[in-house]
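Visitor: Before any term is accepted, I should like to hear the grounds on which it is applied. May we take the model term by term?

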Amino acid sequence: MSENELELDELGPEVPSAGADIDGGEKTATDLAPIFDVPVAISAVLGRATVSVSQLLQLNSGSILELDRRVGEAIDIYVNNRLVARGEVVIVDERLGVTMTEIIKDGDAQV
């Protein structure tokens, strides 16, 4: 072992927690600034349908595809293909939008 290497027990009991900075201070929003510009994909899923290839090939303009959701039922909101919230469709300045009504925590997602 070289003089620059340490044994694990030489590091001591003071190990920074996940929420603490190396200097011992708490993390703030400015510490996360480098990741603010990382793009993420957000999807609002109105519902799902399963069709066979032959049914898919018969679809044309004006065809109706029945989804597995009822009117007024919450839609799923995914960030990078991970369910993070449920919400409702709203209209904002003649465009469709989504308002989040429920945040899904880890382990609460039932897809």
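The dialogue below sets values from this predicted model against the rules behind the words.

Visitor: What makes Asp-76 count as buried?

Guide: The relative accessibility of Asp-76 is 7%. Buried means under 20%, so Asp-76 meets the rule at 7%.

Visitor: Is Arg-69 buried or partly exposed, and on what grounds?

Guide: Arg-69 has a relative accessibility of 23%. The class between 20% and 50% is partly exposed, therefore Arg-69 at 23% is placed there.

Visitor: How do you know to which class Arg-86 belongs?

Guide: The relative accessible area of Arg-86 is 17%. Because the limit for buried is under 20%, Arg-86 counts as buried.

Visitor: Why is the contact of Asp-76 and Arg-69 called a salt bridge?

Guide: Their side chains meet at 2.5 Å, N to O. The rule asks for a side-chain nitrogen of Lys or Arg within 4 Å of a carboxyl oxygen of Asp or Glu, so the contact of Arg-69 with Asp-76 qualifies. In general, side chains of opposite charge can pair when their charged atoms come close.

Visitor: What makes the pair of Asp-76 and Arg-86 a salt bridge as well?

Guide: The closest N and O atoms of Asp-76 and Arg-86 are 3.0 Å apart. With the cut-off at 4 Å, this pair therefore qualifies. Asp-76 belongs to strand β2 and Arg-86 to strand β3, so the contact ties together parts ten residues apart in sequence.

Visitor: How many salt bridges are there, and which residues do they link in a network?

Guide: The count comes to two. The network links Arg-69, Asp-76 and Arg-86.

Visitor: What is the order of the strands in the sheet, and how do they pair?

Guide: The sheet is open and has four strands, in the order β1-β2-β3-β4, with antiparallel pairing. On average, neighbouring strands are turned by 40° against each other, direction ignored.

Visitor: Why are β1 and β4 said to stand at the edges?

Guide: β1 (42-45) and β4 (95-103) each have a single partner strand, so one side of each is left without a neighbour in the sheet.

Visitor: How do you know that β1 and β2 are paired?

Guide: Four bridges join β1 to β2 (residues 75-79) in the antiparallel sense. At least two are required, so β1 and β2 count as paired. Ala-44 stands opposite Ile-77, and Ser-43 has Tyr-78 as its bridge partner.

Visitor: What makes β3 a partner of both β2 and β4?

Guide: Between β2 and β3 (residues 82-92) there are five bridges, and between β3 and β4 there are eight. The rule asks for at least two, so β3 pairs with β2 and with β4. Bridge partners in β2 and β3 include Val-79 with Arg-82 and Ile-75 with Gly-87. Val-89 stands opposite Val-98 in β4.

Visitor: Which residues take a positive phi in the hairpins?

Guide: Asn-80 does so, near 50°, in the hairpin of β2 and β3, which has two residues between the strands. Asp-93 takes a positive phi near 50° in the hairpin of β3 and β4, where two residues also lie between the strands.

Visitor: Why is β2 described as largely enclosed?

Guide: Four of the five residues of β2 are buried, so the rest of the structure largely encloses this strand.

Conventions: Residues are numbered from 1 along each chain as its sequence is written. This is a predicted model: local features need pLDDT of at least 70, side-chain atom pairs count only at pLDDT 80 or more; totals for chains, interfaces and linings use all residues. Side-chain values use heavy atoms; hydrogens and water are left out. Axes are lines fitted to C-alpha atoms, for helices over the stretch in contact, and angles run from 0 to 180 degrees between N-to-C directions. Buried means under 20% relative accessible area, exposed over 50%, partly exposed in between (1.4 Å probe, protein chains only).
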